[in-house]
Number of protein chains: 2
Amino acid sequence: MALRSEDHVHQFEAHLNDVIPGHSIDCVILGYHDNELKVLLLRRKGQDLWSLPGGFIRKSEDLDTAATRILEERTGLGSIFLQQFYTFGGQDRRSVSSKSEIAMLNNMLKQYPFKEPDKVSAFLRDRFITTGYFALVQLNKVSPQPDFMSSQCEWKSLKALPELILDHSHILQKAIAHVQTQLNYLPIGLSLLSKKFTMQDLQNLYEVLLNRSLDRGNFQRKMLALNILKRHEKQLTGKAHKAPYLYSFDVPRYNEKLKKGIGFSF
Amino acid sequence: MALRSEDHVHQFEAHLNDVIPGHSIDCVILGYHDNELKVLLLRRKGQDLWSLPGGFIRKSEDLDTAATRILEERTGLGSIFLQQFYTFGGQDRRSVSSKSEIAMLNNMLKQYPFKEPDKVSAFLRDRFITTGYFALVQLNKVSPQPDFMSSQCEWKSLKALPELILDHSHILQKAIAHVQTQLNYLPIGLSLLSKKFTMQDLQNLYEVLLNRSLDRGNFQRKMLALNILKRHEKQLTGKAHKAPYLYSFDVPRYNEKLKKGIGFSF
DNA sequence: ATTTAATGTGTCAGGTTGACACAATAAGAA
DNA sequence: TTCTTATTGTGTCAACCTGACACATTAAAT
């Protein structure tokens with residue numbers, strides 16, 4: 001919820017009044033591009049610190065519903081693969097705690113026409129238990145939107161992460177570990193790749209996630225044997241050799257196989 | 001925290017004032033006896049409804065610490081295997097919601113010397129997000145202790161569960177499913193069996209958890225090959241045949257193997 | 001010595017894995 | 001048309017695991 005007008009500020013304030021105090025949601029939104037895993041991060045206004053996209057739970061909202069809403073607010077995307085993975089409850093989880101940070105927050109709040117800035121400040125300074133969700137999205141479909149506390153919203157490579165606030169890098173780690181152990185039961189390919197892809201794309205995605213290389217022949221054989229791929233017309237690459245086939249998933253069959261696990265024991 | 005005296009009541013009231021509102025913990029405490037999985041349940045005072053042992057998080061307490069404390073309050077056991085598995089945030093999670101239930105609660109509260117019974121009532125009637133933990137314990141080591149809201153604390157077989165409050169049967173289901181999928185990475189044998197056990201005990205435990213029978217020869221071969229068992233003197237059974245060996249775990253080796261998973265793919 | 005259950009081991013068919021090899025294919029260049 | 005090159009489909013093989021079954025050995029109590 002970016003605040004660009006007085007209306008937005010009042011809307012945000014009303015939102016805080018309608019929300020459960022002391023509990024938040026943080027989303028680890030993962031995408032895949034250029035043979036790399038990326039995560040969507042927000043940059044804190046006036047600081048060189050980044051955070052996971054997060055938000056609060058409305059009093060009339062289920063936890064999952066809130067996570068879906070927050071994801072949509074940051075990415076513009078609905079109906080995305082989203083799953084809860086862990087709840088973090090360290091006693092010291094306050095996003096704003098040092099005197100200088102409190103001053104910075106209060107200062108920032110003054111720049112906006114809040115009706116009760118002190119109340120907003122107190123709310124944001126509280127200890128929060130946060131529930132982590134992770135999402136798998138097609139990178140190119142996302143339109144990143146910063147929120148009230150943030151000045152930028154960007155994809156960052158997992159290989160070169162900036163400094164994160166609080167325990168957010170721990171949350172991120174835990175999400176990645178969770179994805180890795182659950183690999184065979186997550187719609188990795190379907191969620192992270194664009195609609196059409198080559199067999200190499202698919203293999204490379206698995207190699208990045210598993211952090212090891214796989215034998216091409218065996219990978220191909222096994223993927224085709226699953227019977228979840230549709231082959232399409234080749235796309236000409238303009239290069240002097242045979243162009244790779246393009247595939248897409250047969251979604252019903254994909255979901256059917258997913259129940260029993262896709263990916264073997266590699 | 002059973003309330004047997006005025007002191008206990010005031011202690012409980014002070015506890016509620018020192019605790020995060022709107023967030024609770026529920027524990028699925030699992031034990032194994034007579035070739036059956038059992039779960040520790042509490043019976044609501046004045047009702048034929050049961051609940052999972054639960055509690056609240058102190059403002060100065062980590063989530064995990066609170067779970068450990070609650071587990072200890074109900075079982076008398078410390079240093080037990082305990083792990084978070086999921087957080088439940090349905091919008092309608094109120095343990096006391098219908099008019100008759102509210103009346104029953106207020107009535108019960110009046111029987112105790114609370115300083116601010118209305119406040120206590122309001123606290124308990126709120127919507128709660130709850131984080132589920134599961135524990136694996138040696139059944140015979142536990143001394144079940146009912147809490148303030150409950151009249152009994154008992155082991156119940158998973159095969160014959162009584163009616164549970166709220167979404168507690170859903171929470172229980174989710175815990176069991178989690179245990180089953182994580183089987184190879186959990187200290188099943190070490191936590192659930194008593195110190196010494198026979199190979200049959202161990203096999204039976206796995207059969208119950210996996211819900212299918214296993215081949216004795218293969219099971220034995222594989223377990224012994226792991227090199228995590230110590231064999232002891234046989235215990236004479238008084239029956240007219242060879243008595244089974246007793247085993248215990250070589251704990252350091254057990255934990256070492258556990259990292260890579262104990263249990264193969266069965 | 002006999003009975004009985006517990007225990008250790010062998011085997012076999014079927015399946016998977018990882019590693020490597022090789023021939024067929026097709027797009028563009030010469 | 002022929003050549004170059006990367007893609008693609010398949011084959012093989014040794015190593016290993018699985019499930020199912022078999023069988024001989026061991027030892028406690030009678």
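Which base atom of DNA strand C lies 2.9 Å from a polar side-chain atom of B:R216? That partner is a base oxygen of DNA strand C. The model here is predicted, so to speak plainly about cut-offs: local features need pLDDT of at least 70, side-chain atom pairs count only at pLDDT 80 or more, and totals for chains, interfaces and linings use all residues. Residues are numbered from 1 along each chain as its sequence is written, chains are lettered from A and ligands numbered from 1 in the order in which they are written, and side-chain values use heavy atoms, with hydrogens and water left out.

**The two protein copies**

- A turn of 180° with a shift of 0.0 Å along the axis lays chain B on chain A with an RMSD of 0.0 Å, where the superposition is by least squares on the C-alpha atoms of residues with pLDDT of at least 70 in both.
- The two copies are thus related as by a two-fold rotation axis.
- Both copies use the same surface, since 100% of the contact residues of chain B recur in chain A; contact means heavy atoms within 4.5 Å.

**Chain A overall**

- Chain A contains 9 helices and 9 strands, taken as DSSP runs numbered from the N terminus (helices are H or I with at least four residues, strands are E with at least two).
- The C-alpha trace of chain A spans about 65 × 40 × 30 Å along its principal axes.
- Of the 266 residues in chain A, 48% are buried (under 20% relative accessible area; exposed is over 50%, and partly exposed is in between, with a 1.4 Å probe and protein chains only).
- Among the contacts in chain A with a separation of 6 or more, 74% come from residues 24 or more positions apart.

**DNA strand C**

- There are 27 residues around DNA strand C, and B:R216, B:Q220, B:R231, B:P244 and B:Y245 come nearest; a residue is near a strand if one of its heavy atoms lies within 4 Å of it.
- Sugar or phosphate accounts for 60% of the atoms of DNA strand C within 4 Å of the protein, and bases for the rest.
- α8 of chain A and α8 of chain B each supply at least two residues of the surface near this strand, and α8(B) gives the most, with 5 residues.
- Beyond B:R216, a polar side-chain atom of B:R221 lies 3.0 Å from a base oxygen of DNA strand C, and an N or O atom in the side chain of A:N218 is 3.0 Å from a base nitrogen.

**DNA strand D**

- Of the 28 residues around DNA strand D, the nearest are A:Q220, A:R231, A:P244, A:Y245 and B:S265.
- α8(A) gives the most to the surface near DNA strand D, with 5 residues.
- The side chain of A:R216 has an N or O atom 2.9 Å from a base oxygen of DNA strand D, while a polar side-chain atom of B:N218 lies 3.0 Å from a base nitrogen.
- A polar side-chain atom of A:Q220 lies 2.2 Å from a phosphate oxygen of DNA strand D.

**Residues to look at in chain B**

- B:E13, in helix α1 (residues 6-17), is buried yet has no salt bridge, and B:K115, the nearest side chain of opposite charge, is 5.8 Å away.
- A salt bridge is a side-chain nitrogen of Lys or Arg within 4 Å of a carboxyl oxygen of Asp or Glu.
- B:D34 has a positive phi near 55° and sits in the loop between β1 (19-33) and β2 (36-44).

How values were computed: Lys and Arg count as positive and Asp and Glu as negative; His and the chain ends are not counted. A polar contact is a pair of N or O atoms within 3.5 Å; within protein, one must be able to donate a hydrogen and the other to accept it, and residues adjacent in sequence count only if both atoms are side-chain atoms.
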